Each structure stands twice: as structure tokens, then as C-alpha cells.
Amino acid sequence: MMTSEKLIKSKERVQKHGEVFTPSWMVQKMLDTEGVKEACENLIATFLEPAAGDGNFLVAILRRKLTMVSEQHNSSIRQYTHYSLYALSTLYGIELLEDNAQMCVMNLFEVYKDFYEESVKKHNEKQSENTLSNAKFIISKNIVQGNFLTRKLSSGDPIVFSEWEMTKQTTTMIKVQRTEYSLDEIFAGNEKEAGTAVELAIEFEQMDLFSDFDFGSESENDEPAQKYKEVYITEVYDEVKVDE
Ligand SMILES: C[S@@+](CC[C@H](N)C(=O)[O-])C[C@H]1O[C@@H](n2cnc3c(N)ncnc32)[C@H](O)[C@@H]1O
């Protein structure tokens with residue numbers, strides 16, 4: 001079958017970085033395998049794509065998760081917003097090349113926004129900028145431009161991910177507490193006290209992917225590690241850390 005999908009950007013990039021994108025029919029086939037299919041429709045199942053490209057797999061998984069949320073947790077815009085942001089927070093990616101990482105971030109955001117607009121329309125509500133800011137914030141933390149093999153950013157700092165642990169759930173709201181782990185800590189299976197943060201200088205490096213987006217005080221603040229508190233998932237963007 002003919003397809004207009006572009007799977008290769010240049011010969012040089014294929015040789016240098018092994019950059020060949022997976023066609024969407026193959027992505028869907030792989031996501032349909034036993035166990036993976038169920039996880040794509042499971043609100044809390046987490047995924048890490050270690051060579052994310054422009055997000056072929058992550059975008060397809062997000063579509064499946066958001067389809068599930070639209071069908072099962074969409075009796076009000078509040079319910080949809082809380083559950084859809086949580087679904088988004090379960091997807092993680094690492095990509096070596098800046099342009100691909102940027103595309104991955106943007107593609108995930110576009111899909112989130114399209115589904116959100118559908119729900120807004122369904123409930124005859126107004127779109128909330130706050131919801132979209134939270135979505136951007138979560139994506140900016142979960143998609144990292146770095147090297148999966150060395151587990152480092154190009155600066156040499158370790159790759160750090162945020163766990164968004166669900167601490168409370170009702171039919172209409174979800175609360176989370178964020179804890180940060182370096183990729184080394186994740187591989188070592190280190191347990192940390194909930195809410196532990198790493199130094200903010202590292203976070204700043206990782207937030208550049210939404211270059212047009214103002215992350216407010218957090219990115220300007222270079223104070224040492226503090227604790228993240230439990231917040232509604234609709235408040236992670238505004239979240240204030242507390243001294244412990
Ligand atoms: C074969 S492509 C696959 C992209 C995507 N997963 C897909 O299936 O369409 C491999 C991707 O991995 C990236 N990559 C190569 N080495 C990497 C590394 N050490 N860490 C993270 N990403 C890497 C490349 O830049 C490229 O975008």
C-alpha cells in the first residue's frame with residue numbers, strides 16, 4: 001500500500017542516529033499486542049519511550065488513553081480534565097536530537113488539545129488556559145532531550161523524571177504528589193521519600209522544549225531542593241514547594 005508518511009529525514013541521520021521512523025500501521029499493530037493493548041487503555045499504566053523520535057508511539061498511546069478517558073471519565077469537564085491530565089502524566093520519552101524532541105512535545109500537546117476541545121464542546125463549556133498550561137507543564141517534564149544510553153542530558157547532568165503519584169482519586173478529581181528520580185535511580189530501583197525534588201538547575205535544562213512557554217517562577221528560581229506537596233493534578237503548573 002502507498003503511504004505519504006515520511007520515515008526517513010536524511011541518509012546522514014539514518015547512519016548517524018539510526019533515525020528511521022516506524023510507520024503508523026506498524027505502531028498500531030505493536031500496540032495491539034497482548035498486554036500492551038490493555039495497558040494503553042489503563043489510566044495508571046506508565047510508558048517510557050527511550051528513543052522517542054517525534055513521538056510516533058507516545059502519540060498513538062496518548063490517543064488510546066484519551067479515547068478511554070473520553071468514554072469512561074467524561075461526565076463533566078472537571079472529571080475529563082483531571083483524568084485526561086493524569087493519563088498524560090503517565091507517558092515519558094527520551095530523544096537525543098533537539099528537533100525530534102521538540103516535535104514530540106508539540107505532537108503530544110496537539111493531541112491533548114484536540115481531545116480537550118472535544119470534551120469542552122460536548123459539555124458546552126469554555127476552554128481553560130489553565131488546563132492547557134498544566135498539559136504543557138506535564139509534557140515538558142516527561143519528555144526529555146537526552147541520551148538514553150549515557151542517561152545524561154547534553155550538558156552532562158543526569159536525566160531526571162517526575163513521578164506523578166496518584167494520592168487521592170474520586171469520580172471528579174485526582175490529586176498527585178510529584179517525586180523526582182534520575183534515570184540512574186530508576187534503574188537502581190531506588191525508593192525515595194514522596195515529594196523529593198532534585199536541584200532546580202537540572203529542571204531548567206529540561207524545560208527548554210516549550211521555548212515559547214512561560215514557566216513562571218519555578219524556572220527563575222534556583223533555590224536548592226525542597227519538597228513537592230500533594231496538589232490537584234489541575235494545579236501542578238502552579239504548584240509551590242514547601243520547606244521540610
Ligand atoms: C529508529 S528512530 C525511532 C523513532 C521512533 N521511536 C519511531 O519508532 O518512530 C530512533 C530515534 O532514536 C533517537 N536516538 C538515537 N540514539 C539515541 C539515544 N542514545 N538516546 C535517545 N535517543 C536516541 C534518534 O534520534 C531517533 O529519533
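**Surface patches, salt bridges and helix geometry**

Trp-25, Met-26 and Met-30 form a nonpolar patch of about 320 Å² on the surface of this predicted model. Trp-25 is located in helix H2, which comprises residues 24-31. The relative accessible area of Trp-25 is 53%, so this residue is classed as exposed, the cut-off being over 50%.

A patch of negative charge also occurs on the surface, where Glu-34, Glu-38, Glu-41 and Glu-71 gather. Of these, Glu-41 is placed in the loop that runs between helix H3 (36-40) and strand S1 (47-49). Glu-41 counts as partly exposed because its relative accessibility is 42%, a value between the limits of 20% and 50%.

The salt bridges of the model number nine. One of them pairs Arg-64 with Asp-32, with 2.9 Å between the closest N and O atoms. Arg-64 belongs to helix H4, whereas Asp-32 is in the loop between H2 and H3, so this pair ties together parts of the chain that are 32 residues apart in sequence. The two partners also carry separate accessibility classes: Arg-64 counts as buried at 14% relative accessibility, while Asp-32, with a relative accessible area of 39%, is partly exposed.

Another salt bridge is formed by Lys-168 and Glu-230, for which the closest N and O atoms are 3.4 Å apart. This pair links distant parts of the chain, 62 residues apart: Lys-168 lies in strand S4 (residues 160-169), and Glu-230 lies in the loop between helix H10 (217-220) and strand S6 (231-232). Lys-168 is classed as partly exposed on the basis of 41% relative accessibility, and Glu-230 is likewise partly exposed, with a relative accessible area of 30%.

A salt bridge is also present between the side chains of Lys-192 and Glu-185, with an N to O distance of 3.0 Å. Lys-192 has a relative accessible area of 22% and is therefore partly exposed. In addition, Lys-9, Arg-13 and Asp-99 are joined into one network by salt bridges that share partners.

Helix H7 (residues 129-142) was examined for the agreement of its length with the expected span. With a rise of 1.5 Å a residue, its 14 residues should span 20 Å, and the C-alpha atoms at its ends are 20 Å apart, so the two values agree. H7 is mostly covered, since twelve of its 14 residues are buried, that is, under 20% relative accessible area. The buried residues of H7 run from Thr-131 through Leu-132, Ser-133, Asn-134, Ala-135, Lys-136, Phe-137, Ile-138, Ile-139, Ser-140 and Lys-141 to Asn-142. An α-helix has 3.6 residues a turn, so residues three or four places apart point the same way.

Two further pairs of residues combine separation in sequence with a stated distance in space. Pro-50 is found in the loop between S1 and helix H4 (56-72), and its relative accessibility of 33% makes Pro-50 partly exposed. Pro-50 and Val-144 are separated by 94 residues in sequence, and their C-alpha atoms are 9.7 Å apart. Arg-78, in turn, is part of helix H5 (residues 77-89) and counts as partly exposed at 39% relative accessibility. The C-alpha atom of Arg-78 is 7.4 Å from that of Met-173, although the two residues are 95 residues apart along the chain.

Methods: Residues numbered from 1 in each chain as written. Predicted model: local features only at pLDDT ≥ 70, side-chain atom pairs only at ≥ 80, totals over all residues. Heavy atoms only, no water. Patch = residues over 30% accessible without salt bridge, like charges linked within 9 Å, V, L, I, M, F, W, Y side chains within 5 Å. Areas by Shrake-Rupley, 256 points an atom, 1.4 Å probe, with all protein chains shown as cover. Salt bridge = Lys/Arg side-chain N within 4 Å of Asp/Glu carboxyl O. Lys, Arg positive; Asp, Glu negative; His and termini not counted. Charge placed at Lys NZ, Arg CZ, Asp CG, Glu CD. Helix = DSSP H or I, 4+ residues; strand = E, 2+ residues; numbered from the N terminus. Buried < 20%, exposed > 50% of the residue type's maximum accessible area, 1.4 Å probe, protein only. Expected span 1.5 Å × (residues − 1).
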